[in-house]
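Me: I'd like a close look at a single part of this structure, one pair of neighbouring strands and whatever surrounds it. Could you walk me through it in plain words?

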Amino acid sequence: MTSFNIEMLPAAQGDALWVEYSDGARTRRMLIDGGPLTGYEFLSECLTRLPDGDQRVELLVVSHVDTDHIEGIVRLLATPRNRWPIEPKDIWFNGYRHMGGQELLGGREGEFLSALIHQRAFAEWNKAFDRSAVVVPDAGPLPRIPLAGGMVLTLLSPDSGKLKKMGDRWEKDVAKWEISPGDLDQAWAQLATVQKFHPGEELTLGGDDLTAKLQAQLKGHDPSDANGSSIAFLAEFSGKSCLFLADAHMDVVCRSIRRLLPVGQARLRVDAVKMSHHGSKNNITAEFLNLVDAEHFLFSSSGAIHDHPNREAVVAVIEGADRIPTLWFNYRSEFSELYEADSLIPGARYRTRYPARGTAGIVLRL
Ligand SMILES: [Zn+2]
């Protein structure tokens with residue numbers, strides 16, 4: 001009996017997705033993002049569930065440098081490697097040296113993570129991409145990466161344009177922290193002084209988040225370069241599939257999906273979509289909803305800071321779906337619970353799934 005399970009861990013306003021897939025004989029795993037430090041205890045608890053002697057994780061993805069995705073991974077990898085609770089076989093993360101050779105950097109947390117991977121897991125860094133950038137090529141087929149055990153990932157984002165824009169943003173962010181471009185030793189030294197990434201210290205939220213201010217319309221206009229640099233992909237296993245969209249921009253995701261569709265096919269049929277940017281109205285478009293035919297829609301956010309998911313995005317999913325969609329929320333919050341009542345009436349247009357009261361985090365079993 002095969003399985004493909006997606007757990008949206010409680011990660012406050014961010015993403016931390018634990019994926020398990022099994023052919024019935026052996027369970028394999030992926031970790032996509034680590035949430036902000038405020039959710040680290042849940043990630044840590046999840047990882048301690050791994051059986052002794054079996055810490056192997058086929059792929060660790062750090063989609064982009066925003067604190068609500070990266071901080072938990074910096075904290076995790078700041079532990080000496082022989083005490084990491086996981087053993088990743090490949091780590092996808094676009095750092096300085098993947099920015100097309102520009103003299104540019106990736107935000108302070110991005111520099112910290114680059115330094116950590118460089119020091120502790122260089123051999124595993126973007127292995128599937130020959131240590132180059134995780135990027136959709138301008139022409140030709142989309143990269144299709146098989147993982148052990150039969151999972152196949154198709155890269156949808158970022159493209160080279162989004163990566164270059166992020167490079168410009170990074171340079172500005174790093175300058176204010178007095179890190180010299182490309183000096184991973186300097187970043188390492190500075191990381192050592194930032195106690196929040198070291199076990200046993202008080203946990204605090206990271207500084208400024210690059211997430212964009214919400215706009216009034218559902219136009220897919222997310223101005224955040226960091227979000228645009230998100231690694232997003234289609235994951236397929238044993239006839240089941242999910243789009244993991246991180247905080248990616250709709251223009252590049254839709255372009256990639258069009259490239260993926262066989263001639264004459266108008267829509268990509270998948271089982272599930274991890275909605276981009278926690279259900280922000282800036283990261284969903286009518287074009288996307290027309291291109292994708294899915295049953296399950298996952299919203300990862302506690303509602304903290306950014307009030308995600310946005311009502312416009314959730315309503316668009318309900319109204320744009322051909323079939324009766326099921327909405328999955330990893331928190332009960334004022335931004336998620338308002339959909340419950342209408343989902344429970346006879347003839348409801350959609351279904352909802354929430355964590356049990358008093359808890360957070362939820363698992364979708366495809
Ligand atoms: Zn985010």
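Reply: Sure, let's start with two strands lying side by side. Strand E15 (residues 296-299) and strand E16 (residues 326-329) pair in the parallel sense, and four bridges join them. To find your place on this pairing, look for His296: opposite His296 stands Thr326 in E16. Keep in mind that this is a predicted model.

Now zoom out a little. E15 and E16 belong to an open sheet of eight strands, and the order across the sheet is E8-E9-E10-E11-E13-E15-E16-E17. The pairing in this sheet is mixed. At the edges you'll find strand E8 (144-146) and strand E17 (351-353). Each of these has a single partner strand, so one side of each has no neighbour in the sheet. If you ignore direction, neighbouring strands here are turned by 20° against each other on average. There's a helix to spot as well: helix H7 (residues 250-260) packs on this sheet and touches strand E9 (152-157), strand E10 (232-237) and strand E11 (240-244). The direction of H7 makes about 130° with that of E9.

For a comparison, take the other end of the pairing story. An open sheet of six strands runs in the order E7-E5-E3-E2-E1-E18, again with mixed pairing. Its edge strands are strand E7 (91-92) and strand E18 (362-365), and each pairs on one side only. Inside this sheet, E1 and strand E2 (residues 17-22) pair in the antiparallel sense over six bridges. Here you can look for Phe4, whose bridge partner in E2 is Tyr21.

E1 also leads us somewhere else. Side chains of opposite charge can pair when their charged atoms come close. Glu7 does this with Arg49: they form a salt bridge, with the closest N and O atoms 3.4 Å apart. Glu7 sits in strand E1 (residues 3-8), while Arg49 is in the loop between H1 and strand E4 (56-57), so this pair links distant parts of the chain, 42 residues apart. The structure holds 19 salt bridges.

Finally, have a look at H1 itself. Helix H1 (residues 40-48) packs with helix H2 (residues 67-77) at an angle of about 55°, and their axes are 10 Å apart. That angle makes H1 oblique to H2. The crossing of these two helices is right-handed. Where they meet, H1 brings Tyr40, Leu43 and Leu47, and H2 brings Gly72, Arg75 and Leu76. Sorted by class, this contact has four nonpolar residues, one polar and one charged.

Note on methods. Residues numbered from 1 in each chain as written. Predicted model: local features only at pLDDT ≥ 70, side-chain atom pairs only at ≥ 80, totals over all residues. Heavy atoms only, no water. Axes fitted to C-alpha atoms, helices over the stretch in contact; angles between N-to-C directions. Parallel < 35°, antiparallel > 145°, perpendicular 65-115°, else oblique. Left-handed = near helix turned anticlockwise from the far one by under 90°. Contact = heavy atoms within 4.5 Å. Nonpolar A, V, L, I, M, F, W, Y, C, P; charged D, E, K, R; others polar. Pairing = 2+ DSSP bridges. Salt bridge = Lys/Arg side-chain N within 4 Å of Asp/Glu carboxyl O.
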